[in-house]
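Here's a protein to go through slowly, one part at a time. Have a look around before we start.

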Amino acid sequence: MKSILAIILLFIPILTEDSTVFRLVKVTGTTGNYQITGELNPASKEFFYTVEDGHNELVKEERVLLKGKEEKWRPFSLKIQIPREKLPGNGSLILHLYEKDKSGEIQNSFPMLLERF
């Protein structure tokens, strides 16, 4: 499923639309060093992310615990570093933000293009 999503994203401009859970998501940085900021309306005190190139998962699933006051929209910030030798020569890096339900199934998926090479 992730590979299909990656292929679809290759033909779509950079995604910046908000979802019901993630909004105002912005990416800065290049060549493997990225800063992602945004806001989250979480169902729980955590969310998850991965980074892939359509064929390989370059950043395995990471869990992010939210800190601070519980508000409807909570700010978040991620720093992602991928070694240059792992970056695709020709392709795209896709960030996949999501939550999980109580049974561990992905929900509220928010894919975003980090960079095209």
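Q: I'd like a close look at one spot, and then help following the chain from there. In which strand is L24 found?

A: L24 is found in strand 1. Keep in mind that this is a predicted model, and everything below describes that model.

Let's stay with L24 for a moment. Its phi is near 55°, which is a positive value in a residue other than glycine. Is L24 buried, exposed or partly exposed? Partly exposed, because its relative accessibility is 43%, and the partly exposed range lies between 20% and 50%.

N108 makes a nice companion to L24. N108 also isn't a glycine, and its phi is positive too, at about 55°. Its place is in strand 7. N108 counts as partly exposed because its relative accessible area is 32%.

To see where these strands fit, zoom out a little. The protein has one helix and seven strands. Read from the N terminus, the order is α-β-β-β-β-β-β-β, which puts the helix ahead of the strands. The protein has 117 residues, and 39% of them are buried. If you take contacts with a separation of 6 or more, 61% of them are between residues 24 or more positions apart.

Now, what about the inside? Here's a general idea to carry along: in soluble globular proteins, nonpolar side chains tend to be buried together. In this model, the largest nonpolar core has 24 residues, and F22, I36, F47, F76 and L97 touch the most other members. Strands 1 through 7 each give two or more residues to this core. That list includes strand 1, where L24 is found.

L97 is a handy place to watch the chain come together. Apart from its neighbours within four places in sequence, L97 is in contact with F22, V25, F47, F48, Y49, F76, L78, N108, S109 and F110. You'll recognise N108 in that list, the residue with the positive phi in strand 7.

Next, look at the sheet that holds strand 6. It's an open sheet of four strands in the order 4-3-6-7, with antiparallel pairing. Strand 4 and strand 7 are its edges, each pairing on one side only. From one strand to the next, the twist averages 15°.

Strand 6 has a partner on each side in that order. Toward strand 3, there are five bridges, and the two strands run antiparallel. One of the bridge pairs is T50 with H96 in strand 6. Toward strand 7, the pairing is again antiparallel, over eight bridges. There, L95 has M112 as its bridge partner. Strand 6 and strand 7 also form a hairpin with five residues between them, and G104 in the turn has a positive phi of about 90°.

A few residues of strand 6 deserve a visit. Start with H96, which lies in the stretch of residues 92-100 that makes up the strand. H96 counts as buried because its relative accessibility is 6%, and the cut-off is under 20%. Its side chain has a polar contact of 2.6 Å with the side chain of S109.

L93 lies in strand 6 as well, and L93 is buried because its relative accessible area is 0%. Its C-alpha atom is 6.1 Å from that of L113, although the two are 20 residues apart along the chain. I94 is in strand 6 too; at 2% relative accessibility, I94 is buried. The C-alpha atoms of I94 and E52 are 5.4 Å apart, while 42 residues separate the two along the chain.

One more stop: strand 5. In a regular strand, the side chains alternate between the two faces of the sheet. You can follow that pattern along residues 74-81: R74, F76, L78 and I80 point to one face and are buried, while P75, S77, K79 and Q81 point to the other and are not. F76 and L78 are both among the contacts of L97. Strand 5 is joined to strand 2 by eight bridges, and the two run antiparallel. One pair to find there is N33 with its bridge partner Q81.

Finally, the outside. The protein exposes about 7,300 Å², with carbon and sulfur atoms supplying 53% of that area.

How values were computed:
Residues numbered from 1 in each chain as written. Predicted model: local features only at pLDDT ≥ 70, side-chain atom pairs only at ≥ 80, totals over all residues. Heavy atoms only, no water. Buried < 20%, exposed > 50% of the residue type's maximum accessible area, 1.4 Å probe, protein only. Polar contact = N/O pair within 3.5 Å; in protein donor to acceptor, adjacent residues only side chain to side chain. Contact = heavy atoms within 4.5 Å. Areas by Shrake-Rupley, 256 points an atom, 1.4 Å probe, with all protein chains shown as cover. Pairing = 2+ DSSP bridges. Core = buried A, V, L, I, M, F, W, Y, C linked by side-chain atoms within 4.5 Å. Axes fitted to C-alpha atoms, helices over the stretch in contact; angles between N-to-C directions.
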